[in-house]
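I open this notebook to record what I looked up in one structure. The entries follow the order of my reading.

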Amino acid sequence: RFQPPSGGGAMLAAALVSQHRLRPSPPRAPPARLNWLADLFSPDAADSAAAELVLSELCEPEWAIRCELGAAVASSLGGSGSLARGRTDASTDVRLDCGVRFEIDAGFDPPQGTVRLARPSRLLAAEGFWKVSETDDRDVPKAISWRLQSTGIRAGEEELVPPGPLYFNALLEGDGSTLPLQLTAGRLTVKEDIGADVGIFRARGILAEFKIVGAFEAQRAIDPAQPPAS
């Protein structure tokens with residue numbers, strides 16, 4: 001028959017129970033890793049931040065654009081269009097200055113948006129369209145293009161740029177952090193109809209190529225009180 005422990009046996013049993021109650025619980029599994037901290041320093045996040053910084057630098061200031069258009073400059077840049085093949089007298093080249101601002105539209109890949117003239121121009125439309133035309137292997141923007149409708153640009157009686165879209169193309173240099181963003185190697189182009197031979201017919205307007213008509217420089221506008229655009 002079962003006999004309850006007495007004396008020393010009772011004390012031993014109580015000690016064992018007490019030790020069992022005081023024994024630490026097995027360690028719990030560590031909490032899930034806070035992924036946001038790791039993601040912050042992941043290559044993808046760093047690349048995304050670099051791209052956003054470049055776009056922010058692009059859209060933040062007003063850019064002062066100084067253009068030179070004509071046969072001489074188009075020919076010097078290796079142009080092959082009708083303008084570059086024409087007269088190369090530098091006296092027929094013209095200058096065109098304007099200020100532009102870029103606004104980005106969310107949700108597009110590649111990044112794109114609206115470009116607006118800072119001041120009215122008699123030669124260029126008040127607004128147009130821009131987009132990132134080239135990125136590196138990290139998807140950081142490296143080139144940009146934008147277009148503005150032109151009413152036509154002439155040097156005296158000679159037409160340099162016909163009415164229609166005028167395309168601005170530039171490289172993006174600098175990351176916006178260690179080096180300021182710069183727009184370099186600016187080229188002005190138009191779409192030129194090259195036609196197509198189809199049997200005995202000569203079809204116009206079927207094929208077109210971009211042809212160089214000039215160059216431009218771009219700088220951040222320092223003084224907001226700029227002269228009116230040409």
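The entries below go from the core to the strands and then to the charged pairs.

**Entry 1. The model.** I note at the outset that this is a predicted model.

**Entry 2. The core.** I looked up the largest nonpolar core and found that it has 39 residues. Ile 65, Trp 146 and Phe 168 are the residues with the most contacts inside it. I then asked which strand gives the most to this core. It is strand β2, residues 94-105, with five residues.

**Entry 3. Trp 146.** I listed the contacts of Trp 146, leaving out residues up to four places away in sequence. Among them are Ile 65, Phe 102, Val 115, Phe 129 and Trp 130. The list also includes Leu 166, Tyr 167, Phe 168, Leu 183 and Phe 216.

**Entry 4. Strand β5.** I turned to strand β5, residues 141-150, and asked how many of its ten residues are buried. The count is seven, and the strand is mostly covered. I recorded its pairing with two other strands, β4 and β8.

**Entry 5. β5 with β4.** Strand β4 spans residues 127-135 and runs antiparallel to β5, with six bridges joining the two. I noted one pair by name: Phe 129 has Arg 147 in β5 as its bridge partner. The two strands form a hairpin with five residues between them. Within the turn, Asp 139 has a positive phi of about 65 degrees.

**Entry 6. β5 with β8.** Strand β8 covers residues 164-173; eight bridges join it to β5, and the two run antiparallel. I checked which residue of β8 stands opposite Trp 146. It is Phe 168, also listed among the contacts of Trp 146.

**Entry 7. Salt bridges.** I searched the whole structure for salt bridges and obtained ten. I recorded as a general point that side chains of opposite charge can pair when their charged atoms come close.

**Entry 8. Arg 138 and Asp 47.** The side chains of Arg 138 and Asp 47 meet in a salt bridge at 3.4 Å, N to O. This pair links distant parts of the chain, 91 residues apart: Arg 138 sits in the loop between β4 and β5, and Asp 47 sits in helix α3. I noted that helix α3 comprises residues 43-59. Is Asp 47 buried or exposed? Its relative accessible area is 17%, so Asp 47 counts as buried, the cut-off being under 20%. Arg 138, at 38% relative accessibility, counts as partly exposed. Leaving out residues up to four places away in sequence, Asp 47 touches Arg 138 and Val 140.

**Entry 9. A network.** I found that Asp 136 also forms a salt bridge with Arg 138, with the closest N and O atoms 3.8 Å apart. Asp 136 is partly exposed, with a relative accessible area of 21%. Asp 47, Asp 136 and Arg 138 are thus linked in a network of salt bridges.

**Entry 10. Another pair.** I looked up Glu 159 and Arg 154, which form a salt bridge with the closest N and O atoms 3.8 Å apart. Glu 159 is partly exposed, with a relative accessible area of 40%. Arg 154 counts as partly exposed at 45% relative accessibility.

Note on methods. Residues are numbered from 1 along each chain as its sequence is written. This is a predicted model: local features need pLDDT of at least 70, side-chain atom pairs count only at pLDDT 80 or more; totals for chains, interfaces and linings use all residues. Side-chain values use heavy atoms; hydrogens and water are left out. A nonpolar core is a set of buried Ala, Val, Leu, Ile, Met, Phe, Trp, Tyr and Cys residues joined through side-chain atoms within 4.5 Å. Buried means under 20% relative accessible area, exposed over 50%, partly exposed in between (1.4 Å probe, protein chains only). Helices (H or I, at least four residues) and strands (E, at least two) are DSSP runs, numbered from the N terminus. Contact means heavy atoms within 4.5 Å. Two strands pair if DSSP finds at least two bridges between them. A salt bridge is a side-chain nitrogen of Lys or Arg within 4 Å of a carboxyl oxygen of Asp or Glu.
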